[in-house]
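Me: I have this model open on my screen and would like a close look at one part of it. Could you take me through the sheet, with whatever packs on it and the loops that join its strands?

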Amino acid sequence: MIDRTITYRLIGAGIMVLSAAVILPLVLDGERPAELDVQVQVTSPPAFPIIEIAPVKPADSLPIESNSTDNKAVGEIRLIPVPQSAKDTESIRNTDSKTPGADNSPVVTASAKKVLPEKVADRWVLQIATFKSKDNAIRLVDKLKDSDYDAYSLTTNSLYKVYVGPEFKRETSERMREEIKKKFSLTGIVVKYSVN
């Protein structure tokens, strides 16, 4: 015979089919809502002039125009003069501050040269500890500063890292690491100093 669970499932499926047969004709009665009966008037398209495009001609068939004023060779390059820079601000101040009766000849000063930043030597810092709590990091920084160390704290990825330095020589940072290890029982690592 048929199991009870299968019977209940068949009865449930039959009820669903009957309810769909009753409700769907009521919902889908074919009447269109009044909001959708809007008449849209589209204006005629604007009149654009018709442009005739000439067919493509090979370059050999085009007439060669010669400039009688330009007797330069085709491959010659003509340089465009570069405009001179404005007067230096000091020279402008000097000419403005002169008295009206004095000679107002322009003061010529050397233009400022573009200064390239010099390569900074590598610097080294000692990373002492990393904390999740800001209070712990501040406490350690204060403790190190009281002992005459240049300590500071940086936040990275919600962690507070405590550093000492920077120093120009790695050996100096390593000596500091040994001193701090003896005084505070903290083992740090020497890393390159980063400005950010």
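Reply: Happy to: here is a walk through the sheet, its helices and its turns, with a short look at the rest of the chain at the end.

Please keep in mind that this is a predicted model. To get your bearings, the protein chain has four helices and four strands. From the N terminus on, these elements follow the order α-α-β-α-β-β-α-β.

Let's begin with the sheet itself. The four strands form an open sheet in the order E2-E3-E1-E4, and their pairing is antiparallel. At the edges sit strand E2 (151–156) and strand E4 (189–192), each of which pairs on one side only. On average, neighbouring strands of this sheet are turned by 40 degrees against each other, direction ignored.

Strand E3 is a good place to zoom in. Strand E3 (residues 159–167) pairs with strand E1 (residues 124–131) in the antiparallel sense, over six bridges. If you want landmarks for this pairing, take Gln127, whose bridge partner in E3 is Tyr163, and Phe131, whose bridge partner in E3 is Tyr160. E3 also pairs with E2, again in the antiparallel sense and over six bridges. A landmark here is Ala151, which has Val164 as its bridge partner in E3.

Strand E3 holds a peptide bond worth a look, too. Pro166 has its place in strand E3, and the peptide bond from Gly165 to Pro166 is cis, with omega near 10 degrees. For context, most peptide bonds are trans.

Next, follow the chain back to where E2 hands over to E3. The hairpin of E2 and E3 has two residues between the strands, and Asn157 in this hairpin takes a positive phi near 50 degrees. Ser158 lies in the loop between E2 and E3 as well, and its phi is near 60 degrees, a positive value in a residue other than glycine. Such values stand out because most residues other than glycine have a negative phi. Is Ser158 buried or exposed? With a relative accessible area of 58%, Ser158 is exposed, because the cut-off for that class is over 50%.

Another serine of this kind sits in the loop between H4 and E4, namely Ser185. The phi of Ser185 is near 55 degrees, also a positive value in a residue other than glycine. Ser185 is exposed as well, with a relative accessible area of 62%.

Now for the helices that meet the sheet. Helix H3 (residues 134–146) lies across E1, E2 and E3, and runs at about 20 degrees to E3. Helix H4 (residues 170–184) packs on the sheet too, where H4 touches E1, E3 and E4. The direction of H4 makes about 35 degrees with that of E1.

Helix H4 is also a place to look for charged pairs. In H4, Arg170 and Glu174 are four residues apart, so about one helical turn separates them. Their side chains meet in a salt bridge, at 3.0 Å from N to O. Arg170 is partly exposed, at a relative accessible area of 34%, and Glu174 is partly exposed as well, at 28%.

A further salt bridge joins the side chains of Arg177 and Glu178, with 3.8 Å from N to O. Here Arg177 counts as partly exposed at 25% relative accessibility, while Glu178 counts as partly exposed at 37%. The count for the model comes to two salt bridges.

Finally, a glance beyond the sheet. Val22, Ile23, Leu24, Leu26, Val27 and Leu28 make a nonpolar surface patch of about 640 Å². One of these residues, Leu26, lies in helix H1 (residues 4–27) and is exposed, with a relative accessible area of 65%.

For the chain as a whole, 12% of its 196 residues count as buried. The protein chain exposes about 18100 Å², and carbon and sulfur atoms supply 58% of that area. Among contacts between residues at least 6 apart in sequence, 59% join residues at least 24 apart.

Note on methods
Residues are numbered from 1 along each chain as its sequence is written. This is a predicted model: local features need pLDDT of at least 70, side-chain atom pairs count only at pLDDT 80 or more; totals for chains, interfaces and linings use all residues. Side-chain values use heavy atoms; hydrogens and water are left out. Two strands pair if DSSP finds at least two bridges between them. Axes are lines fitted to C-alpha atoms, for helices over the stretch in contact, and angles run from 0 to 180 degrees between N-to-C directions. Contact means heavy atoms within 4.5 Å. A salt bridge is a side-chain nitrogen of Lys or Arg within 4 Å of a carboxyl oxygen of Asp or Glu. Buried means under 20% relative accessible area, exposed over 50%, partly exposed in between (1.4 Å probe, protein chains only). Patches are made of residues with over 30% relative accessible area and no salt bridge: like charges are joined within 9 Å, nonpolar side chains (Val, Leu, Ile, Met, Phe, Trp, Tyr) within 5 Å. Accessible areas come from the Shrake-Rupley method with a 1.4 Å probe; for residues, only the protein chains shown count as cover.
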